[in-house]
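Colleague: I am new to this model and would like to learn how to read it. Could you take me through it step by step, giving the general idea before each case?

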Amino acid sequence: MATERVSIHGQWSNRLAFVLAATGSAVGLGNVWKFPYITGENGGGAFVLVYLLCIAVIGIPIMMAEVMLGRRGRQSPVNTMRTLAAEEKLSSHWQWLGWGGMLAGFLILSYYSVIAGWALAYVFRTGSGLFTGLTADGVQSIFSNLVDEPERLMAWHTIFMVMTMTVVSRGVRGGLETATRVLMPALFVLLLVLDGYAWNSGAFKQGVEFLLWPDFSRLSANGVLIAMGHAFFTLSLGMGAIMVYGSYLPDNASIAKASIAVSVMDTVVALLAGLAIFPLVFANGLEPASGPGLIFRTLPIAFGHMDGGAFFGMLFFVLLVFAAWTSAISLIEPAVAWLVENHGLSRIHASVVAGVVTWLFGLLTVFSFNIWSDVKLLSWIPIFHDHTVFDLLDYLTANIMLPLGGLLIAVFAAWCMPRDSSVDELAMGDGFSYRLWRFLVRYITPVAVMIVFLNVIGII
Ligand code: PHE
């Protein structure tokens, strides 16, 4: 008894289109920029292990739950939650899950766009051969020059937000379905090329060891939370991006297979990025824990020394921008869909409204790297001791809002929604796979998220 609802925003052409779009959402700066730098800051292998575990036992099941809710509700997350709650005679407060997600998406995009702006800037810096022959010091000073200047960051941030608004305003099928099909495999191949370079860098073994050898003495309780938060972040979970993409999924497509495919691809890209970066970090005597600039300080060294480096470097950053672009549109889609549904705006109008507000808020991040780099609002709390406004935004969204969103999605999908409804919507029968899914979502996700939260606060 699948519901008769159809989305007013259209539908993907088929399951493959959904997988591509969801992969486009999942694979982004999270894999290539964030994963390496937070792995560097949190001691390497043990952190990676916790992250992988979270992907498998929390990420994949929650992705299935989110797609399932989206497809059943067929609206923006706010309205999907409201409709589904009404249908199951539950409190209308469940719509707050949609609101929280929309807010998280907006906050994330506000800084995501600034970092994507760095990648845009690097398209030109690498392409012009600026890095040719430079040492780590030279590469470092080029990075500092970029982030030290607010006007420059603002300009790149503006360009990226305009790119995002342009695509979102064209609707769910506008062009990007095809773009993802070509660009994602290209990014993958380029990462392999970089892995090849790292292999010959002289420190491959050390890099791999750092990435994969678990040394638990280097992992703190906060590190575990960051690993879990990143599993949500990298799979785009807990804020409605995947839910809204699920709402455009045709009725007959298998949710389980699609979710697994997306998660595996996402994880492989992150590991390939880590393998390219850490050998370079060690070969050049750099510090793995050097923060958000990590890939911008390491990869250009490789591009500056390899044959055709200017070309490959440019191509790499072009692909990274595309990966960020396909993620950015999913961050803003829940808000745009809601503006269209509830305020009768056209898609173009809705995209501009959402985009401009996000752009403005993004200035906080722009200034975090220069004129406000000394502003540490929560420095009295030990784990936030040296967190800038950007760091706090990132922490609040990825490590608190997304896991909390995921927890509530789990509670709704596996505790509140009747079993029959989820059997019906997932359409995978009610054999072992279904039971495993339900068990993970019912018990493992809520308990894991609670334990990790309480552990960081210091209660357990
Ligand atoms: N998953 C994206 C990335 O890894 C970021 C993102 C988070 C996108 C949440 C949508 C929702 O870059």
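Modeller: Let us begin with cavities: on a 1 Å grid over the protein atoms alone, a cavity is a set of points where a 1.4 Å probe fits but cannot get out, and a molecule sits in a cavity if more than half of its atoms lie within 2 Å of its grid points. Here the ligand sits in the second largest cavity. Please keep in mind that this is a predicted model, in which local features need pLDDT of at least 70 and side-chain atom pairs count only at pLDDT 80 or more, while totals for chains, interfaces and linings use all residues. Residues are numbered from 1 along each chain as its sequence is written, and side-chain values use heavy atoms, with hydrogens and water left out.

Colleague: Which elements give two or more residues to the shell around the ligand?

Modeller: Elements are DSSP runs numbered from the N terminus, a helix being a run of H or I with at least four residues. Those that give two or more residues to the shell are helix H1 (15-26), helix H2 (29-41), helix H10 (221-234) and helix H14 (309-343). A residue belongs near the ligand if one of its heavy atoms lies within 4 Å of it, and 15 residues surround the ligand, the closest being Ala26, Gly30, Tyr112, Phe233 and Ser236.

Colleague: Which polar contacts does the ligand make with leucine 29, tyrosine 112 and serine 236?

Modeller: A polar contact is a pair of N or O atoms within 3.5 Å; within protein, one must be able to donate a hydrogen and the other to accept it, and residues adjacent in sequence count only if both atoms are side-chain atoms. An oxygen atom of the ligand lies 3.1 Å from a backbone N or O atom of leucine 29, and an oxygen atom of the ligand is 2.5 Å from a side-chain N or O atom of tyrosine 112. A nitrogen atom of the ligand is 3.0 Å from a side-chain N or O atom of serine 236. Taken alone, the ligand exposes 320 Å², and the protein buries 100% of that, where accessible areas come from the Shrake-Rupley method with a 1.4 Å probe and, for residues, only the protein chains shown count as cover.

Colleague: Is asparagine 31 buried or exposed?

Modeller: Buried means under 20% relative accessible area, exposed over 50%, and partly exposed in between, with a 1.4 Å probe and protein chains only. Asparagine 31, whose place is in helix H2, counts as buried because its relative accessibility is 0%. The side chain of asparagine 31 reaches the backbone oxygen of aspartate 266 at 2.8 Å.

Colleague: Why is helix H13 described as largely enclosed by the rest of the structure?

Modeller: Helix H13 (residues 294-305) is described that way because eleven of its twelve residues are buried; among them are Phe296, Arg297 and Pro300.

Colleague: Where do lysine 89 and alanine 427 lie?

Modeller: Lysine 89 is in the loop between helix H4 (77-87) and helix H5 (95-127), and has a positive phi of about 60° although it is not a glycine. Its relative accessible area is 75%, so lysine 89 is exposed. Alanine 427 lies in the loop between helix H17 (419-426) and helix H18 (432-457); its phi is near 50°, a positive value in a residue other than glycine.

Colleague: How many disulfides does a search of the whole structure find?

Modeller: A disulfide is a pair of cysteine sulfur atoms within 2.5 Å, and the search finds zero.

Technical notes
1 Å grid on protein atoms, 1.4 Å probe; cavity = no way out; pocket = protein on both sides within 12 Å on 5 of 7 lines; lining within 4 Å.
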